[in-house]
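Please examine the sequence and the structure below. The paragraphs that follow move from strands and helices to individual side chains.

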Amino acid sequence: MHLGDTHTTAAKALPSGNRVSAFLSLFKILVWLSVISAIVGMKPSRAEAARQKAVRKEPARFKAISPASPGRISGNGHVPKALLRQPDPAPSDFLEKREHVVQQTKHGDTLLELLSRFRLPPAEKQVWTRSIKRNFGAQTLPPGKEIHFYFFKPVGQGRSQSTPSQLRALEIDYNDASTLTWEKSAKGILFQQREKPYDVELKTASATVEDSVLSDGQKAGIHPTLLSQLADIFTWDIDLEKEIRQGDSFKIVYEQRSRKGQESKASLRILAAELINAGQKLTAVYFEKQRGQGNYYNLEGRSLARSFLRFPLEFTSITSYFTHSRFHPILKTNLPHTGVDFAAQRGTPVRAVGNGVISQAGWNGTYGKAIDIQHDATYMTRYAHLSRLADGIRDGVPVRKGQVIGYVGSTGRSTGPHLHFELYKDQQYVDPLSVDFPAEEAIEPALQRTFDNQKQLLLVELASGPQS
């Protein structure tokens with residue numbers, strides 16, 4: 001008897017109701033087995049899940065590569081200023097190795113020559129060369145400058161170890177005030193000249209006059225630059241050489257701006273000043289109408305400045321005044337003296353008394369080395385007997401009020417170092433000390449509240465400063 005015949009006989013032996021129940025039970029068992037199999041197939045094993053979790057949490061690793069050329073590799077982990085924002089780590093197949101190379105310049109080096117020392121792809125080298133020529137030219141770099149190069153190199157699967165590095169950024173500590181940076185992006189190479197940040201300190205100082213503002217101020221430890229500024233601020237209201245007297249006093253609030261490591265080169269500027277002369281108080285407050293363009297005003301908002309400085313030298317002593325008849329020490333005869341002579345040591349800086357354009361600079365007969373400045377259609381000034389001209393001073397160059405244009409000497413017809421200064425009005429000699437130029441602008445109504453707020457803050461600082 002065959003096995004199939006046995007099953008058939010057994011099925012036939014069961015009653016009809018029992019046969020239905022048996023089929024239903026078998027159907028339910030098959031359904032449950034299918035559901036369980038589907039669930040098990042959808043869940044990964046614990047080991048697999050743990051492996052995937054570990055892969056997701058594993059951090060990207062960055063590793064420095066060997067230098068592309070001679071230089072010094074930074075090892076302090078310093079993030080360069082040139083790379084302002086670093087991209088998020090890429091997937092492991094597209095990681096980048098980073099390298100920071102520092103080149104120190106030698107005599108005669110140029111930025112283009114330093115760039116050529118690296119093995120850059122020709123197309124990339126061309127792009128960088130073009131940008132450097134456009135923004136920096138081929139000028140020679142001072143020896144001892146540090147040039148920072150930042151390279152990135154793609155690594156990972158499918159990438160050869162011989163793939164060249166890419167120059168991403170370049171930075172130069174150009175001078176005391178700024179750094180130059182080039183940064184490569186998807187849009188090309190961006191060039192920037194960035195100003196170095198300042199440390200700004202607010203300080204106060206005071207002194208009582210026994211001899212002069214200069215000597216007593218220096219005895220009190222006040223820098224000569226600040227004393228010169230004080231003289232210029234009040235120069236049109238009081239002659240600090242003639243009218244100052246024993247017992248007079250002054251107080252100043254000033255800012256000292258310096259950069260880290262360059263404290264000896266700090267810039268100084270008076271923000272508020274108070275001068276008491278014969279019981280009369282003069283007050284000045286510095287205020288900028290536009291960023292970087294400021295002036296000094298009295299408490300009512302009237303400008304203390306004029307379109308011209310009163311004197312072309314700081315802390316001068318007048319040895320010869322403007323006169324129509326003076327005994328000439330060399331020619332031994334009475335002649336007009338068409339200017340004012342200021343006593344000063346050889347090499348003392350000479351300042352342009354106003355904005356203008358140089359109409360003549362160089363040798364001018366008995367005046368020796370001299371400079372003529374045409375200020376406008378009305379006024380012209382002459383500075384004579386100079387030892388030398390300042391850098392960049394030549395015919396046709398514009399100059400600004402207070403700019404150093406030359407240095408005191410004794411060239412031409414002169415008995416010793418001094419500055420001979422002349423002022424012309426409508427092409428006629430006039431006494432420089434007799435001209436009272438009109439005051440510059442006052443505070444506009446729209447800026448009055450801002451000026452008042454700043455004025456009050458500075459007056460509080462003046463009041464809280466040390467008493468002389």
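For the packing of helices on strands, contact means heavy atoms within 4.5 Å, and an angle between two axes runs from 0 to 180 degrees between N-to-C directions. The model is a predicted one. In it, helix α7, which spans residues 224–233, lies across β8 (249–258), β9 (267–277), β10 and β11. The direction of α7 makes an angle of about 55° with β9. A second helix, α8 (residues 448–464), lies across β7, β8, β9, β10 and β11, and runs at about 135° to β10.

The strands beneath this description belong to one sheet. Five strands form an open sheet in the order β7-β8-β9-β10-β11, and their pairing is antiparallel. Its edges are β7 (199–208) and β11 (293–297), each of which pairs on one side only. From one strand to the next, the twist averages 20°. At the β11 edge, the partner is β10 (residues 280–290), and five bridges hold this antiparallel pair. Within that pairing, Glu288 is placed opposite Gly294 of β11.

A further set of strands involves β4, β5 and β6. Strand β4 (residues 166–172) is joined to β5 by four bridges, and the two run antiparallel. The connection between β4 and β5 is a hairpin of five residues. On the way from β5 to β6, the hairpin has two residues, and β5 pairs with β6 (residues 188–195) over eight bridges, again in the antiparallel sense. Thr181 shows how β5 is held by both partners: Glu171 stands opposite Thr181, and in β6 the bridge partner of Thr181 is Gln192. How enclosed is strand β5 by the rest of the structure? Of the eight residues in β5 (residues 178–185), six are buried, so the strand is largely enclosed.

Attention now turns to charged side chains. Side chains of opposite charge can pair when their charged atoms come close. Across the whole structure, a search finds eleven salt bridges. One of them joins Arg194 and Glu183, whose closest N and O atoms are 2.6 Å apart. Because Arg194 lies in strand β6 and Glu183 in strand β5, this pair ties together parts that are eleven residues apart in sequence. With a cut-off of under 20% relative accessible area for a buried residue, Arg194 counts as buried at 18%, and Glu183 counts as buried at 14%.

Another salt bridge returns the reader to helix α7. The side chains of Arg351 and Asp232 meet at 2.7 Å, N to O. Arg351 lies in strand β16 (residues 349–351) and Asp232 in helix α7, so the pair ties together parts that are 119 residues apart in sequence. Is each partner buried or partly exposed? Arg351 counts as buried, at 7% relative accessibility, whereas Asp232 is partly exposed, with a relative accessible area of 29%.

A third pair consists of Arg382 and Glu422, whose side chains meet in a salt bridge at 3.7 Å, N to O. This pair links distant parts of the chain, with Arg382 in strand β19 (residues 379–389) and Glu422 in strand β22 (residues 418–425), 40 residues apart. Both Arg382 and Glu422 are buried.

Salt bridges that share partners also join Glu255, Arg269 and Glu288 into one network. Glu255 is located in strand β8 and counts as buried, at 9% relative accessibility. Beyond residues up to four places away in sequence, Glu255 touches Val200, Glu201, Leu202, Ser267, Leu268, Arg269 and Leu271. Glu288, another member of the network, is the residue that stands opposite Gly294 in β11.

Two backbone positions complete the account. His385 has a positive phi of about 65° although it is not a glycine. This histidine, His385, is found in strand β19 and counts as buried at 6% relative accessibility. Asp426 likewise has a positive phi, of about 55°, and is not a glycine. Asp426 is placed in the loop between β22 and β23 (428–430).

Note on methods
Residues numbered from 1 in each chain as written. Predicted model: local features only at pLDDT ≥ 70, side-chain atom pairs only at ≥ 80, totals over all residues. Heavy atoms only, no water. Pairing = 2+ DSSP bridges. Buried < 20%, exposed > 50% of the residue type's maximum accessible area, 1.4 Å probe, protein only. Salt bridge = Lys/Arg side-chain N within 4 Å of Asp/Glu carboxyl O.
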